[in-house]
Every structure is written in structure tokens, then in C-alpha cells.
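Biologist: I should like to learn how a pocket and a strand are read from a model. Where should one begin?

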Amino acid sequence: MYKVDDYLIFGKDVCKVKGVEEKKYNDEDYYVLAPIKDETLKLEIPVSSTKIRDLITEDDLNNLIEKIPSIETIQTEDKFIESEYKRLLSSGNEEDLIKVIKTTYLRNEERVNNKKRKAEKDSIYFKEAEEALYSQVSVIKNIPLEDAKEYFINKIKELTN
């Protein structure tokens with residue numbers, strides 16, 4: 001069971017546990033959570049919820065960063081790409097987040113190189129996957145969310161040099 005001030009993932013949002021309360025109408029304990037992207041929100045989630053999971057560990061983060069060059073992009077027809085983005089984002093798997101980030105980035109880069117506009121759909125999913133991944137990095141490394149992306153990029157550059 002998580003304690004006050006612990007961090008966890010609910011859905012795809014990193015949240016801080018603000019409290020644990022028992023609800024009289026069903027005798028079940030509930031976590032009171034505040035998503036780190038908006039700590040003014042208060043979520044009450046049953047302790048037994050299957051949508052709650054641990055953050056990635058620092059060792060797992062380092063392993064993930066090392067695997068990035070070998071993580072494949074999404075290979076599907078354009079008409080199915082959005083449903084694949086949604087499926088991967090909801091999986092709760094950090095490698096899936098990397099797939100979405102790599103795919104959307106490369107698709108938009110190709111458009112720009114061909115003198116076309118970035119696709120709004122790809123940009124939206126890119127941002128969503130980045131936020132889900134970098135919010136974990138922010139908590140794990142105890143750095144501001146704005147610095148988490150830079151940290152991640154610098155680690156990747158170290159690998160490729």
C-alpha cells in the first residue's frame with residue numbers, strides 16, 4: 001500500500017499520494033491523489049484499482065534509455081496509426097511511449113523535410129507520450145518537469161556519441 005507523499009501512476013498520470021481515506025458507504029480505502037501536472041486536482045481512487053501502478057525504477061529507466069536505439073517505430077497504415085497511438089499510450093509500458101515518441105517525431109520530421117506542415121495528430125500524441133514519460137523522469141531524478149526532457153535527450157546523446 002502506498003503512503004502519503006509516495007508517487008504512483010494512475011492511468012498514465014504521475015500522481016502524489018495526498019492521503020488515504022475510508023469511504024463509509026462501501027468500507028473501502030481510497031487514495032487521495034494529486035496529478036503532478038496539476039496539483040490542484042484531487043482524485044479519489046480505490047486502493048484496489050487496477051489502474052494504479054509503480055513508477056519505473058531508476059535502473060529500469062537507465063535500461064530503457066540504452067534500449068532506445070533498438071526500439072522499433074510503429075509500422076502500420078496511416079488509417080490505423082491513431083488507434084495504435086491510443087493503444088500504446090494506454091498500455092502503461094514505457095517502451096510503448098518511446099515507440100509513440102519515435103514514430104510521431106520521425107513522421108513529422110519527414111513532413112517538414114518534404115516542405116509540408118507537421119501533422120496535428122502526430123504532434124498531439126508526441127506531446128502526450130512525452131508528458132507521460134518525462135513526468136516519471138522528473139520524479140525519479142528529482143528534477144523539474146521542464147528539465148526532464150533535456151536530461152533524457154542528453155542521456156541519449158551520450159549513448160550515440
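Modeller: Let us begin with a convention: Ala, Val, Leu, Ile, Met, Phe, Trp, Tyr, Cys and Pro count as nonpolar, Asp, Glu, Lys and Arg as charged, and the others, Gly among them, as polar. Please note that this is a predicted model.

Biologist: How does the lining of the largest pocket divide into nonpolar, polar and charged residues?

Modeller: In general, rolling a probe the size of a water molecule over the atoms shows where empty space is left. Here the largest pocket has a volume of about 360 Å³. It is lined by 14 residues, and those closest to its centre are Ile101, Lys102, Tyr105, Ile153 and Ile156. Helix 3 (94–113), helix 4 (120–141) and helix 5 (145–160) are the elements that each give two or more residues to this lining. By class, the lining holds ten nonpolar residues, four charged and no polar.

Biologist: Turning to the strands, why is strand 3 described as largely enclosed by the rest of the structure?

Modeller: A residue is called buried when its relative accessible area is under 20%. Strand 3 (residues 28–35) is largely enclosed because six of its eight residues are buried.

Biologist: Which strands does strand 3 join through bridges?

Modeller: As a general idea, in a regular strand the side chains alternate between the two faces of the sheet. Strand 2 (residues 13–23) runs antiparallel to strand 3, with eight bridges between them; Lys16 stands opposite Ala34 of strand 3. Four residues lie between the strands in this hairpin, where Asp27 takes a positive phi near 50 degrees. Strand 4 (residues 43–46) is also antiparallel to strand 3, joined by four bridges, and its Ile45 is the bridge partner of Tyr31.

Note on methods: Residues numbered from 1 in each chain as written. Predicted model: local features only at pLDDT ≥ 70, side-chain atom pairs only at ≥ 80, totals over all residues. Heavy atoms only, no water. Buried < 20%, exposed > 50% of the residue type's maximum accessible area, 1.4 Å probe, protein only. Pairing = 2+ DSSP bridges. 1 Å grid on protein atoms, 1.4 Å probe; cavity = no way out; pocket = protein on both sides within 12 Å on 5 of 7 lines; lining within 4 Å. Points joined across faces, edges and corners; volume = space filled by probe spheres on them.
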